[in-house]
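Grab a pencil and work through these exercises with the sequence and the 3D view side by side. Try each task before you read its solution.

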Amino acid sequence: QVQLVESGGGLVQAGGSLRLSCAASRRTLSALAMGWFRQAPGKEREFVAAISRSGDTTYYADSVKGRFTISRATAKNTVYLQMNSLKPEDTAVYYCAADDGPATTGQRMGFMGRYDYWGQGTQVTVSS
């Protein structure tokens, strides 16, 4: 089992930045591929970004490419999502997730069904 706890959400103006953190316990994150997803009110949960176990491979949704960066700090057992140039449409609850299955690349990194463990989420609100 893995426990994931997100933090760093909040209220920010359009054009601003936030950095989300996902801290893990009971398991070393370096053994897991990690992803960030988000869910806006009235919408389905959607993929945002993913990073491989080694950190060498990342994958992003087109809507955040060039603005968001996913990274991992092995020593801190934490994964980050740096969000820049935020837009009102980025408003959502952001979830961290861990993939304990076989390694994959590309679009398959964004498949929600691959992820075995989920955090409780952190709210991000971007005002216009």
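Before we start, one term: buried means under 20% relative accessible area, exposed means over 50%, and partly exposed is in between (1.4 Å probe, protein chains only). This is a predicted model, so local features need pLDDT of at least 70, side-chain atom pairs count only at pLDDT 80 or more, and totals for chains, interfaces and linings use all residues. Residues are numbered from 1 along each chain as its sequence is written, and side-chain values use heavy atoms, with hydrogens and water left out.

**Exercise 1. The whole chain**

Task: Work out which elements the chain has and how compact the chain is.

Solution:
- Step 1. Use the rule for elements: helices (H or I, at least four residues) and strands (E, at least two) are DSSP runs, numbered from the N terminus.
- Step 2. Count them up: the chain has 11 strands and 0 helices.
- Step 3. Now for compactness. The radius of gyration is taken over C-alpha atoms, and the globule rule is 2.2 Å times the number of residues to the power 0.38.
- Step 4. For 128 residues the rule gives 14 Å, and the chain's radius of gyration of 13 Å is close to that, so the chain is as compact as a globular protein of that length.
- Step 5. Check the extent too: the C-alpha trace spans about 40 × 25 × 25 Å along its principal axes.
- Step 6. Finally, look inside: of the 128 residues in the chain, 44% are buried.

**Exercise 2. The sulfur link**

Task: Find the disulfide and say which parts of the chain the pair links.

Solution:
- Step 1. Know what to look for: a disulfide is a pair of cysteine sulfur atoms within 2.5 Å.
- Step 2. The structure has 1 disulfide. Its partners are C22 and C96, with sulfur atoms 1.9 Å apart.
- Step 3. Place both ends: C22 sits in strand β3 (residues 18–25) and C96 in strand β9 (residues 92–99), so to speak distant parts of the chain, 74 residues apart.
- Step 4. Get the handedness: the torsion about the S-S bond of C22 and C96 is about -70°, so this disulfide is left-handed.
- Step 5. Check the surroundings: both C22 and C96 are buried.

**Exercise 3. Two strand residues**

Task: Take A49 and T69 and decide for each whether it is buried or partly exposed, then list what it touches.

Solution:
- Step 1. Contact means heavy atoms within 4.5 Å.
- Step 2. Start with A49, in strand β5 (residues 46–51). A49 has a relative accessible area of 0%, so it is buried.
- Step 3. Skipping neighbours within four places in sequence, A49 is in contact with M34, G35, W36, Y59, Y60, I70 and L81.
- Step 4. Move to T69, in strand β7 (residues 68–73). T69 has a relative accessible area of 40%, so it is partly exposed.
- Step 5. Not counting residues up to four places away in sequence, T69 touches Y60, Y80, L81 and Q82.

**Exercise 4. Unusual phi angles**

Task: Look at the phi values of N77 and S85, and say where each residue lies.

Solution:
- Step 1. Recall the background: most residues other than glycine have a negative phi.
- Step 2. N77 is not a glycine, yet its phi is positive, about 50°. Phi of S85 is also positive, near 50°, and S85 is a residue other than glycine.
- Step 3. N77 lies in the loop between β7 and β8 (78–83). S85 lies in the loop between β8 and β9.
- Step 4. Compare them with the cut-offs: N77 counts as buried because its relative accessibility is 16%. S85 has a relative accessible area of 41%, so it is partly exposed.

**Exercise 5. Two loop residues**

Task: Locate T28 and D116, and find how far apart their C-alpha atoms are.

Solution:
- Step 1. T28 is in the loop between β3 and β4 (33–39), and D116 is in the loop between β9 and β10 (117–118).
- Step 2. T28 is partly exposed, with a relative accessible area of 44%. D116 is partly exposed as well, at 42%.
- Step 3. The two are 88 residues apart along the chain, and their C-alpha atoms are separated by 14 Å.
- Step 4. Leaving out residues up to four places away in sequence, D116 touches A98, D99, D100 and G101.
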